[in-house]
Structure formats: C-alpha cells, structure tokens
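Colleague: Could you take me closely through the place where the ligand sits, and then set that place in the context of the rest of the chain? I would like one connected account rather than a list.

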Amino acid sequence: MGIVGWPQETNARIVAAWRDLGVTAGMLLPAEARLLLGRHDVGVGRFDVRESLDGVQPGIEILTELERDGVRVVNRAEALLNAHDKLRTARLLGDADLPHPKTRHVRSLEDATDMAPPVVVKPRFGSWGTDVFRCETSLEIAQTLAAVRSRPWFVKHGALVQELVPPVGYDLRLVVAAGQVVGAVQRAARAGEWRTNVAIGGTRRPARPPHEACALGVMAAAIIGADLVGVDLLPAAGGYVVLELNGAVEFDRTYDLGDANVFAAAAAALHLPRLPIRLRPTISSGRTPAPSRPKSRVS
Ligand SMILES: Nc1ncnc2c1ncn2[C@@H]1O[C@H](COP(=O)(O)OP(=O)(O)O)[C@@H](O)[C@H]1O
Ligand SMILES: [Mg+2]
C-alpha cells in the first residue's frame, strides 16, 4: 500500500510504523502512485494544503484516477477537500447540525457586517495557525481584512470570518480512522498565545477523550467522508464544538490511547493487509527512503 502525497514528517512516521507491523507500506508521490498501485492495493490520500495557503497540494486528482483503476483509496479526494476547505467543512457540519462556530465567507468588509466581534479571520485553506487573527472589535475586523487583502490566499479565495469560541488555552485533537477514535492529544497553547497550534509553540499532552468528544469526532469524520483524519474540538459551554478537520493530520506516539499504539490502531481500523509473520523482513531498517526530506512543520 502507499501513502500518496508529498513528503511530510507524519507520512514518514506512518510508513515506518506500518512496516514494522508487517504492512508493505511506502511513500509515493502522485505520479509514482499511478504507476505502482493497482487492484488489491490501498492508497492512503495524504495531500496537505500548500504552504502559501491558497489551496491543496498538486496532484490530488490522482486519487480519483486510482479509484477508477480499482485501488482502494482511503481519504478520497473529496474527503480531503471537505477537510482542507474550511468553507466546505462549515457547510457540511452546519447541514448536519453539528456544533461549529458560525462562519462567513467574505471577499470584502461589507460581507462581514453581520458578524459581531469577537471573531476570527482566517484563510479558507489554512494550516499551522498561519494568518489566523483574533479580532475583538469591528475596527480590528476592518484592519485585519485590509492587512490580508493582498495575500495570495485572500486574492484567490477571500477569507473566513468566524465566531470566536472563548479560548481556554487548549483544545482536543482526535485521530479518527474508519469510524474509530484511534488517537488523541490535548494541544495547549504557548504562554501568551490563544492559538493551540504546535507549529507556533503549542505542546501536545496525552489525553483520554471523553465519550461525548469521541462520538462528536466520529460523526464529524463521517460527515466529511474521511477515513483517516484529525478532528479538532474546542471545549465550549459544557461540551465541545468541532473547529476543523485535518486531512493530512500530523501525529506521533503522544497520541497513543493508553497502551494502544496510534499507528497500529489506525492500521487495524483501516483493515490494512499485513504480511504473515514468517514473510516479514527481519531487518526493519531496510526501509526504502522517502523520496525527499520530510517537512518538519507540525500543525
Ligand atoms: N473560531 C475560533 N474560536 C476559537 N479559537 C479559534 C477559532 N478559530 C481558530 N482558533 C484557534 O486558532 C487555531 C488555528 O485555527 P484553525 O482554524 O485550526 O486554523 P489552522 O488550519 O491554521 O490550524 C486553532 O487551533 C484554535 O486554537
Ligand atoms: Mg487547526
């Protein structure tokens, strides 16, 4: 099976962990996937957003072609787009009546007039907390939209203005695989920072997600059609709201639930075929290298 996408630290971790379990896994660039995967193979779509935040990494359409070739694709192109495009996410969660902050798509200040502060201004295809702004007044909303007006992501897609869920300093991130919560962490914001992203200094702490959070995470993943996804929940009013879903979710062993290795739990949930013990390579360092150096940014 292949992890299909572009180099990323978690992709390399997944490949290494799944190989140790006896899954014949490799990291495949889009063009390689088309050549190497066929019927009875599994392709795990792990395309992320572009660093410029103006869309999804190139080549995602290969996932649809793989499906046509009879490859079992987990995280189909549409699911990845539903996760990466926060406007689609908002519409899908809203239609399903799942708790999600009120969200407006704006191309100008006039579009945001019905959004009372405090709000958050962010890109449609965002990640790593980049260009996510908190606005406490109408003046700050106007100033923020003026400040981002010439960014490539704004020019292409406008911005989202979203109701602020009063920050409590941490959030809960679940990894959901095939309808099961297989991993979770609490992400604590850096001191003096309201955003919880690890890329801007947040820290991961092991978590034991409550049943209510798991049920919500599983529903959110199902609504966007994702097979392997991160679901970010913000604590709110005695419960949770779904903030966003990450189609190329970054995770590591901090996400283990108790003794259960998150990578093994994901492989089991996805029913990935494993070689019988007697056929497994004995030297686990005999891994084929990732095509290029993995990116080390984490969301
Ligand atoms: N509407 C919101 N209410 C409260 N906090 C928010 C809101 N939107 C974003 N945040 C905070 O900012 C962080 C980054 O926002 P997010 O929408 O997840 O974008 P990104 O894709 O860049 O991670 C979140 O992890 C959360 O801590
Ligand atoms: Mg986020």
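**The ligand site and its surroundings**

Modeller: With 299 residues, the protein would be expected as a compact globule to have a radius of gyration near 19 Å, and the value of 19 Å found here agrees with that. This is a predicted model, and what follows should be read as a description of that prediction. Taken along the principal axes, the C-alpha atoms fill a box of roughly 65 × 40 × 35 Å, and the secondary structure comes to nine helices and 13 strands.

The site itself is best approached through the two domains, since the protein is divided into domain 1, spanning 103-163, and domain 2, spanning 167-254. Their centres, taken over C-alpha atoms, are separated by 23 Å, and the direct contact between them involves four residues of domain 1 and five residues of domain 2. On the side of domain 1 that touches domain 2, the residues divide into two nonpolar, one polar and one charged. Both domain 1 and domain 2 give residues to the shell around ligand 1, so the ligand lies between them.

That shell is made up of 23 residues, and the closest to ligand 1 are Val120, Gly126, Val165, Arg195 and Thr196. The elements that give two or more residues to the shell are β6 (119-123), β8 (159-163), β12 (228-236) and β13 (239-246). In composition, the shell holds nine nonpolar, eight polar and six charged residues.

Several details of the backbone belong to the loops beside these strands. In the loop between β5 (103-106) and β6 we find proline 118, and a cis peptide bond, with omega about 5°, joins proline 117 to proline 118. The loop between β12 and β13 holds alanine 237, whose phi is near 45°, a positive value in a residue other than glycine. Most residues other than glycine have a negative phi, and most peptide bonds are trans, so both details deserve a look in the coordinates. Alanine 237 has 9 other C-beta atoms within 10 Å and is therefore exposed.

The loop between β8 and β9 (170-177) contains proline 167, which counts as partly exposed because it has 17 C-beta neighbours inside 10 Å. Although proline 167 and tryptophan 194 are 27 residues apart along the chain, their C-alpha atoms are separated by 6.4 Å. A further loop, between β10 (180-188) and β11 (203-206), carries alanine 191, and this alanine counts as exposed because it has 7 C-beta neighbours inside 10 Å. From alanine 191 to glycine 201 the distance is ten residues in sequence and 8.6 Å in space, C-alpha to C-alpha.

Behind the site there is the question of packing. Of the 299 residues of the protein, 42% count as buried, and the largest nonpolar core has 62 residues, of which Leu174, Val175, Val229, Val231, Leu233 and Ala266 touch the most other members. Valine 231, leaving aside its neighbours within four places in sequence, is in contact with Leu174, Val176, Gly217, Ala220, Ala221, Val242 and Leu245. Another core lies apart from the one just described and has 16 residues, among them Met115, Val119, Val121 and Val161. As for the contacts in general, among those between residues at least 6 apart in sequence, 67% join residues at least 24 apart.

Two positions remain for comparison with the loops described above. Histidine 271, in the segment after α9 (262-269), has a positive phi of about 55° although it is not a glycine, and with 12 other C-beta atoms within 10 Å it is exposed. Proline 58 is found in the loop between β3 (42-45) and α3 (62-68), and its 11 other C-beta atoms within 10 Å make it exposed. The C-alpha atoms of proline 58 and phenylalanine 47 are separated by 8.0 Å, while the two residues are eleven apart along the chain.

Terms used:
Residues are numbered from 1 along each chain as its sequence is written. Chains are lettered from A and ligands numbered from 1 in the order in which they are written. This is a predicted model: local features need pLDDT of at least 70, side-chain atom pairs count only at pLDDT 80 or more; totals for chains, interfaces and linings use all residues. A residue is near a molecule or strand if its C-beta atom, placed from the backbone, lies within 6 Å of it. Helices (H or I, at least four residues) and strands (E, at least two) are DSSP runs, numbered from the N terminus. Ala, Val, Leu, Ile, Met, Phe, Trp, Tyr, Cys and Pro count as nonpolar, Asp, Glu, Lys and Arg as charged, and the others, Gly among them, as polar. Domain bounds come from an automatic or database domain assignment. Two residues are in contact if their C-beta atoms, placed from the backbone, lie within 7 Å. A nonpolar core is a set of buried Ala, Val, Leu, Ile, Met, Phe, Trp, Tyr and Cys residues joined through C-beta atoms within 7 Å. A residue is buried if 20 or more other C-beta atoms lie within 10 Å of its own, exposed if 12 or fewer, and partly exposed in between; C-beta atoms are placed from the backbone. The radius of gyration is taken over C-alpha atoms; the globule rule is 2.2 Å times the number of residues to the power 0.38.
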